[in-house]
2 protein chains.
Amino acid sequence: MTDQGDAAPERARSRGIPDATVARLPVYLRALHTLADLGQATVSSEELATSAGVNSAKLRKDLSHLGSYGTRGVGYDVALLVDSISRALGLNQRWAVALIGVGNLGHALAGYGGFASRGFRIAALLDADPHRVGERLAGLTVRHIDELDREVAEHGVSIGVIATPAPAAQEVCDRLVAAGVTSILNFAPCVLAVPDGVDVRKVDLSIELQILSFHEHRKAALTGLPVPTEDEYDGAVGS
Amino acid sequence: MTDQGDAAPERARSRGIPDATVARLPVYLRALHTLADLGQATVSSEELATSAGVNSAKLRKDLSHLGSYGTRGVGYDVALLVDSISRALGLNQRWAVALIGVGNLGHALAGYGGFASRGFRIAALLDADPHRVGERLAGLTVRHIDELDREVAEHGVSIGVIATPAPAAQEVCDRLVAAGVTSILNFAPCVLAVPDGVDVRKVDLSIELQILSFHEHRKAALTGLPVPTEDEYDGAVGS
DNA sequence: GCGACTTTGTGCGAGCGTTCACAAGCGGAT
DNA sequence: ATCCGCTTGTGAACGCTCGCACAAAGTCGC
């Protein structure tokens, strides 16, 4: 995705950690913090896997990728594992985050404790609506979107969070990229186009609901109790 | 955790649509609605794929799963495809949704237009805090969590959205399942245990940020410019 | 010191998802 | 009516992911 492909295995090795593993590391980290708070010093892969809702073999393979070794016959040292995962995820430094769009969702995000809890600091709040500029929120003053460049530079922002309406998202995204932001978390219900080297992750509430709808629909069909509305599908999936 | 591999392939084949495809169908649907609003009657796989940010071959294979056929040499009929995907996702009926937890995030979710836009209707707002009970929000009155059973039965709720703090999530989840809800969208930062037959999808803002952090960290390492705070980390990860 | 027990780390096969490449099919021009 | 160009639908290959099963390695009890 970011490079010209003739070094695919090379890239895989240079990075070392598969995407699927990276996506699970934060889950492990959360479970470990809970265990640490409970005063537990070591944990077995079986126990941690149960807490994280995954298979224990998968957990062990995941952890093996980041070179953090447990002790056979005992398990993993909780504190050491927390440190190891945090380091792998780059959480041993504080990332400055800019939040664009201070509407309903933006307010909720600004007040969400999960941002500040691990290495993330909301460094700037921005909005295009002049009526919102100047508002105080989460210890910050909302600035106008035109000041994005300055705010990004001043606070060393490298992660942008887009919580604007969909029509504004692409332009905001372009501005963020132009300002030097290379990671974007997009809450707007649209697809963003970005140049190579910029990572975008999408959080879409509507899509999640639609996926649930599919499964619910399927379950209703399986129970033999068709939903009130007609549930017709002439199969003939001629594959 | 719950899938002991007894019927995993069975289920996949019974309906024919792979999970990865199901996750993309809502994206296609959104792009199609945009095209329809623009008055476009037909669309090629190449064009739709670009709008949705995927490979055109992948799009065609996805669409082939739901038996909706395009016309060779022309493309897909937009209206027909909208109908076909909506039907596959079960969006041709209205799903009643219960939202539990009317805090910051809950308010944002209740006001989010994306819920109502496609087949979803928030039928009940619930909270454990007596101070919040009685509040009017999005045309509804917030009820106490103890009335969950009644509300679920009365409105035929089959999808629950959990927007409570993490410590309360599992209990709320158990109550939802006991009330007959079989699909849950969880915004609380924790892993939920549910019996077989219940689907849970998780939306975790903190995890998404940590994944971005990993990639940002990796990119910084690749540029040969180590971040200033590489070696130091505040050991006291508060809270 | 030694044996038994526990737990990690991993080789391996199976399944899923993605992409390429191309034959089949359709509409429109001539 | 026929041919040409365009687009779909899909067979096949490849890489990624998962889970099993087991050897390696360490601890605990005596």
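Q: How does the surface near DNA strand D divide by class into nonpolar, polar and charged residues?
A: The surface near DNA strand D has 11 nonpolar, 12 polar and seven charged residues. Ala, Val, Leu, Ile, Met, Phe, Trp, Tyr, Cys and Pro count as nonpolar, Asp, Glu, Lys and Arg as charged, and the others, Gly among them, as polar.

Q: What kind of model is this?
A: This is a predicted model, in which local features need pLDDT of at least 70 and side-chain atom pairs count only at pLDDT 80 or more, while totals for chains, interfaces and linings use all residues. Residues are numbered from 1 along each chain as its sequence is written, and chains are lettered from A and ligands numbered from 1 in the order in which they are written.

Q: What makes a residue count as near a strand, and which residues come nearest to DNA strand D?
A: The C-beta atom, placed from the backbone, has to lie within 6 Å of the strand. Around DNA strand D there are 30 residues, of which A:Pro18, A:Gly73, B:Ser45, B:Tyr69 and B:Gly73 come nearest.

Q: Which elements supply at least two residues each to the surface near DNA strand D?
A: They are α1 (8-15), α2 and α4 of chain A, together with α3 and α4 of chain B. The most comes from α4(B), with five residues. Helices (H or I, at least four residues) and strands (E, at least two) are DSSP runs, numbered from the N terminus.

Q: Which residues come nearest to DNA strand C?
A: DNA strand C has 28 residues around it, and A:Ser45, A:Tyr69, A:Gly73, B:Pro18 and B:Gly73 come nearest. Two or more residues each come from α3 (45-52) and α4 (56-65) of chain A and from α1 (8-15), α2 (19-37) and α4 (56-65) of chain B. Here α4(A) gives the most, five residues. By class, this surface has 11 nonpolar, nine polar and eight charged residues.

Q: Why are α3(A) and α4(A) called roughly perpendicular?
A: Their axes come within 8 Å and cross at roughly 105 degrees. Angles under 35 degrees count as roughly parallel, over 145 as roughly antiparallel, 65 to 115 as roughly perpendicular and the rest as oblique. The crossing therefore makes α3(A) roughly perpendicular to α4(A). A:Ser45, A:Glu46, A:Leu48, A:Ala49 and A:Ala52 of α3(A) make the contact with A:Ser56, A:Leu59 and A:Arg60 of α4(A). A contact requires C-beta atoms, placed from the backbone, within 7 Å.

Q: Why are α2(A) and α10(B) called oblique instead?
A: Helix α2 (residues 19-37) of chain A and α10(B) pack at about 125 degrees, with axes 9 Å apart. The pair is therefore oblique. Axes are lines fitted to C-alpha atoms, for helices over the stretch in contact, and angles run from 0 to 180 degrees between N-to-C directions. A:Val22, A:Ala23, A:Pro26 and A:Val27 in α2(A) meet B:Ser206, B:Ile207, B:Gln210, B:Ile211 and B:Phe214 in α10(B). These divide into seven nonpolar, two polar and no charged residues.

Q: How many residues does each chain give to the contact of chains A and B?
A: Chain B gives 60 residues and chain A gives 56 residues. On the side of chain B, the largest share, 15 residues, comes from α10(B).

Q: Why are the two copies said to be related as by a two-fold rotation axis?
A: A turn of 180 degrees and a shift of 0.0 Å along the axis lay chain B on chain A with an RMSD of 0.1 Å. The two copies are thus related as by a two-fold rotation axis. Superposition is by least squares on the C-alpha atoms of residues with pLDDT of at least 70 in both. The same surface serves both copies, with 92% of the contact residues of chain B recurring in chain A.

Notes. Two residues are in contact if their C-beta atoms, placed from the backbone, lie within 7 Å.
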